[in-house]
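User: Please take a close look at one part of this model and describe it step by step. I am in my first year, so give each cut-off when a term comes up.

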Amino acid sequence: MSTRITIDPVTRIEGHLRIDCEINGGKVTNAWSSGQMWRGIESIVQGKDPREVWLYTQRICGVCTTVHAIASVRSVENALGMEIPLNAQYIRNLMVAAHAIQDHLVHFYHLSALDWVDVPSALKADPKKTATLAQNLSSWPMHSTQVFSDAQQRLKAFADTGQMGIFTNGYWGHPAMRLSPEVNLMATTHYLQALEVQRKANMIVSILGGKTPHIQNLAVGGVANAINTDSPATLTMERLYYVKTLIDDLGKFVNEVYFKDVCAIGAAYADWTAIGAGVKNYLAVPDLPEDGKGIACLLPGGYLPGGDFAKFHPIRTLQDEYFQKGVQESVKHSWYQGEWTRHPWDEETKPHYTDFQDNGKYSWVKAPTFYGQPAQVGPLANVLVMYAAGHEPTRRYTNLALETVGKQLGQKIPLEALHSTIGRHAARAVRAAVLYEVLQNQWKNLIENIGSGDAKTFIRPEFPKGEVKGVGYHEAPRGVLSHWVVIKDAKVKNYQAVVPSTWNSGPRNGQDLPGPYEASLLGTPIADPQRPLEVLRTVHSFDPCLACAIHLTDTEHQEIVEVRAT
Amino acid sequence: MNILVLGVGNLLMQDEGVGGRAIEELEKRFRIPPAVELLDGGTAGLELLNQLGCRDALIIVDAVQSGKAPGTVIRFEGDQVPAVFRRKISPHQLGISDLLAAARLIDLLPKRLVLFGVQPAELGTGLELSSKVAGVLGELTLLIALELQSLGVELLLKNAPHPPALTLSGKKWPLVQLNPCQVVLS
């Protein structure tokens, strides 16, 4: 007899996701990932001026506003085959790298760490022992007994109000929680510190982008920042140097706290390197262009089928045909009319809701494929692809993470350990460390370019008569994001956004092959079906953001874990 | 005084975007003094934490499922505000609920907290508000202006040679006092 569990909605994510699992003999034997909201951005932007579309697309999601803005302007620039000024690339690069670091910090500490860290247990910790432990791990200055004792008091006061707020929905005391009270206190203290630190990343985006959460400075053809080294109303040297101090502060936290916490938690849960791999076709796009056309990208992209380095296919530029031709989406198992599999430029968005059909249609999310295969996207894909491409900082930080965990466990950890639930967290920390170096480098390049007398930030786009097509892609915090636009007579004729969480949370595709969430859950051990913490660990490790995969229609749902024998 | 008026909600989903639309309307109708910052927060959550520091008051405007007639405005204050978002009466509770809890945890939560919630009528895909909700935008912004006035900040109407100060007696709608914390506009 098997047990069927339904988690609806999965909490501590953006948007509304439902996960169903069949459990036999204490392990997941079948899984379904279902997006419960419909997205309609495609219909909203039809007929609009392509120069304005980014203003709407950044509203798709509350978390990833900047990334949808970037992908949108890139799609129009690609359709027009236009170059943008170097300063504009550097400013965009600084914004996306800072945003990504903020996103990774929030994901680890505020959205997923609570799957591994037992917060109430931290109340029992000895702050002095915690300080000794933390000081052995890292040189971060905020590791005194006093700091941990204060954090513990703060937590206690919070718990005493009876409103656990962000700490509700944790599976406290679950048998799969295995950190000591001291490690739990250390991690929870970093949770509080990360709340402060992520604000600094946000300030970088805010200074360059004019405002957050919705940046104001983008334009098809560049950025709207006027650069003037003395005028207070523009991007001045003073502001740019302030950005530099924020970058420095971020770097200390990323390297001394985030990276080391992930290694420590990875070592404590080393068995989770054998769980949660799923789809091993990894896809990542190149990003952070350092020229006007997007040919020379600082971070390489590529496709790694089966995780096999021998089969690695690079994707080098923002104009790559191999990428453009490989992407398709299927609606065979999604709530849209028909059973087609099509290229994004040729898609239509006509909803057709049925009900939850295990073998039929069961999700608002479409199923993307790359040359017919499901592909995993996100930091793990990004890191493995950059590793395969020989990207030096990625190799250095990946090896450092594996060595750090290896030392704690007294054994060598192979690169293959990354194909796992815990591997996705490790890859995100590696990526954050790489992006910190990128921030430093792009800041320096921007300053040098301005210093050379170049103050240009914008080139006016010219729209031809007739039809042009473009794709803009961006390696976003959750992975490959692509916006596909068809422009006719300077108006949007068709628009499709294939977002990272669509790649990962997609249902079975046209050939009935499961999507990455679904495949990753197969074989996961479940200690207690009533409290399926293990399922959440793997799903959360992808950093689901269904708010942009789809949209909201339902408001009355309370979190339900429904368990029934079938 | 340092006050943030934060509109939240998704502009792409009709009445879900009433918070952002209220911010636009405030900018259009009033001269905003330096003590007040208006922000369209969209559907962001923790990303807004940076905006809460050093504020004396936070006024949130959002679509709230109160079960009342479409367009009904309800005012909440103090501890009621996080409770509304925790009870998931707001369609994008997750972000704001986390934001308020996180702000409290690191002492960034402003002392005065007010929420104006508008009962949505239409939550489909689209940039336009429903006529019911669009019809209360004017009154909603006046309520926000009066709230600011009660905090000691005068908002003056634009486009008037000698802008008259706002008073409660200038209202055109019936104000029903439900209890000390709730004002229902119907």
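Analyst: Two residues count as in contact if their C-beta atoms, placed from the backbone, lie within 7 Å. The model is predicted: local features need pLDDT of at least 70, side-chain atom pairs count only at pLDDT 80 or more, and totals for chains, interfaces and linings use all residues. Residues are numbered from 1 along each chain as its sequence is written, while chains are lettered from A and ligands numbered from 1 in written order.

Chain B gives a quick use of the contact term: of its contacts between residues at least 6 apart in sequence, 75% join residues at least 24 apart.

The part for a close look is helix H6 of chain A, residues 127-137. Helices here are DSSP runs of H or I with at least four residues, numbered from the N terminus. Pro127(A), Thr130(A), Ala131(A) and Ala134(A) of H6(A) are buried, meaning that 20 or more other C-beta atoms lie within 10 Å of their own (12 or fewer is exposed, in between is partly exposed). Seen down the axis of H6(A), these buried residues fall within an arc of 100°, so they line one face of the helix; the arc is taken from the directions from the helix axis to the C-beta atoms. An α-helix has 3.6 residues a turn, so residues three or four places apart point the same way. The buried residues of H6(A) pack against two helices of chain A, H7 (145-160) and H8 (181-209).

For contrast, Glu42(A) in helix H1 (residues 41-45) of chain A is partly exposed, because 18 other C-beta atoms lie within 10 Å.
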